[in-house]
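The following exercises concern local geometry and side-chain environment. Each task is followed by a solution in steps.

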Amino acid sequence: MPDLPPAALRLRLDAGALAANWKTLDVMSGAARAGAAVKADAYGLGAAQVVPVLAEAGCADWFVAHWQEVPEVLRHVPGAGISVLHGPMNHADVGYARATGVRTVLNSLEQVRRWREAGGGACDVMVDTGMNRLGLPMAALGDPLLQGLQIDTCLSHLASADEDVAQNAAQLARFAEVRAQVRARRYSLANSAGIGLGSAYHADVTRPGIALYGGIPRGEFVGRIAQVAHPEAAVIQVRTLQVGDQVGYNATFTADRPIRAGVIAVGYADGYLRTWSGGKGHFLWQGCRLPVLGRVSMDMTIVDLTGADDCGEGDWLQAYYNLPDAARASGLSQYELLTLMGRRFARFT
Ligand SMILES: *Cc1c(COP(=O)(O)O)cnc(C)c1O
């Protein structure tokens with residue numbers, strides 16, 4: 001097979017910003033160490049790019065959701081630092097954990113039994129303190145099955161740390177009970193937003209995800225976290241619209257003046273959703289703001305090149321993708337904006 005020609009769609013990962021964000025979150029975690037949630041292919045940015053950068057910055061604790069996400073992380077860091085949040089559903093999962101040395105998170109007494117029957121060893125335990133998602137219920141903590149279990153990290157997860165609500169303190173109080181009842185080498189409660197709640201929430205290890213990648217989950221992070229993901233698409237055709245010309249599916253835009261328009265190689269199949277249609281989204285070229293004209297289609301978006309007279313076919317445009325602003329403008333969450341980004345992006349640092 002001949003080499004593929006260069007892509008017309010790419011995602012630039014600012015490795016310097018990523019490393020700086022981790023260091024900021026590690027400092028904000030106080031006496032605790034910051035780890036990294038790298039599930040969902042590092043929130044869509046590409047674990048293959050993200051993990052080496054964070055390892056170099058000093059990160060040693062990695063969190064994925066699925067067992068299938070382990071190999072990409074394991075290529076770059078030791079298995080003993082990787083936790084698999086979904087836990088072992090069967091003997092195949094248990095066998096895989098034992099063979100790779102990655103830590104399984106145990107989420108139920110059934111999973112504890114399954115792990116012990118296979119020989120046990122270092123593991124993590126998730127306790128539910130009020131989210132009712134994964135984890136042992138508080139009522140199970142006295143169970144004899146937990147006695148003598150070799151627990152590396154005992155975890156719980158905050159449901160509403162991005163808000164100032166009573167649930168945070170309630171979960172913290174329950175986590176104090178967990179710490180009194182479950183013997184573990186380390187304890188871990190805070191996601192990104194939880195780091196912003198202050199030292200009471202930090203325990204021994206924090207598990208930031210979204211803030212590593214440029215998300216701002218709470219006010220404490222404003223001005224301290226930098227954008228990491230920069231989607232860019234090439235102009236694949238330039239055309240001139242005359243007054244009355246209509247643009248895109250269902251002709252939702254009609255030119256009221258002559259307009260130079262650029263067709264660019266990104267669409268909703270890439271995660272640039274139709275919500276950005278009709279000027280809600282814009283791209284940038286040499287500081288010039290280029291609004292979206294008409295509807296975003298599957299593989300293409302049309303932008304207004306007014307003011308970018310020198311911009312032509314083959315030139316790269318940057319999507320405006322500052323996460324908090326883009327979330328407000330689109331109604332999507334900062335998490336969705338990142339994890340949406342599709343496989344056609346050539347990911348590079
Ligand atoms: C996804 C996840 C995190 C990271 O959360 P952010 O809000 O992205 O910082 C931490 N812990 C658990 C258990 C998670 O599932």
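**Exercise 1.** In this predicted model, identify the side chain with which the side chain of S160 makes a polar contact.

*Solution.* The side chain of S160 makes a polar contact with that of Q167, at 2.5 Å. The cut-off for such a pair of N or O atoms is 3.5 Å, so the value of 2.5 Å satisfies the distance criterion. Next, S160 is placed in the chain: this residue belongs to the loop between strand 8 (151-155) and helix 7 (166-181). Finally, the surroundings are listed. With neighbours within four places in sequence left aside, S160 is in contact with V165, Q167 and N168.

**Exercise 2.** Determine whether S160 is buried or exposed.

*Solution.* The relative accessible area of S160 is 10%. Buried means under 20%, and S160 is therefore buried.

**Exercise 3.** Characterise A40 by its phi value, its secondary structure and its accessibility.

*Solution.* Phi of A40 is near 55 degrees, which is positive, and the residue is not a glycine. A40 is located in helix 2, residues 39-43. Its relative accessibility is 37%; because this value lies between the limits of 20% and 50%, A40 counts as partly exposed.

**Exercise 4.** Carry out the corresponding analysis for D41, beginning with the sign of phi.

*Solution.* D41, although not a glycine, has a positive phi of about 55 degrees. D41 also lies in helix 2. With a relative accessible area of 38%, D41 is assigned to the partly exposed class.

Definitions and conventions. Residues numbered from 1 in each chain as written. Predicted model: local features only at pLDDT ≥ 70, side-chain atom pairs only at ≥ 80, totals over all residues. Heavy atoms only, no water. Helix = DSSP H or I, 4+ residues; strand = E, 2+ residues; numbered from the N terminus. Buried < 20%, exposed > 50% of the residue type's maximum accessible area, 1.4 Å probe, protein only. Polar contact = N/O pair within 3.5 Å; in protein donor to acceptor, adjacent residues only side chain to side chain. Contact = heavy atoms within 4.5 Å.
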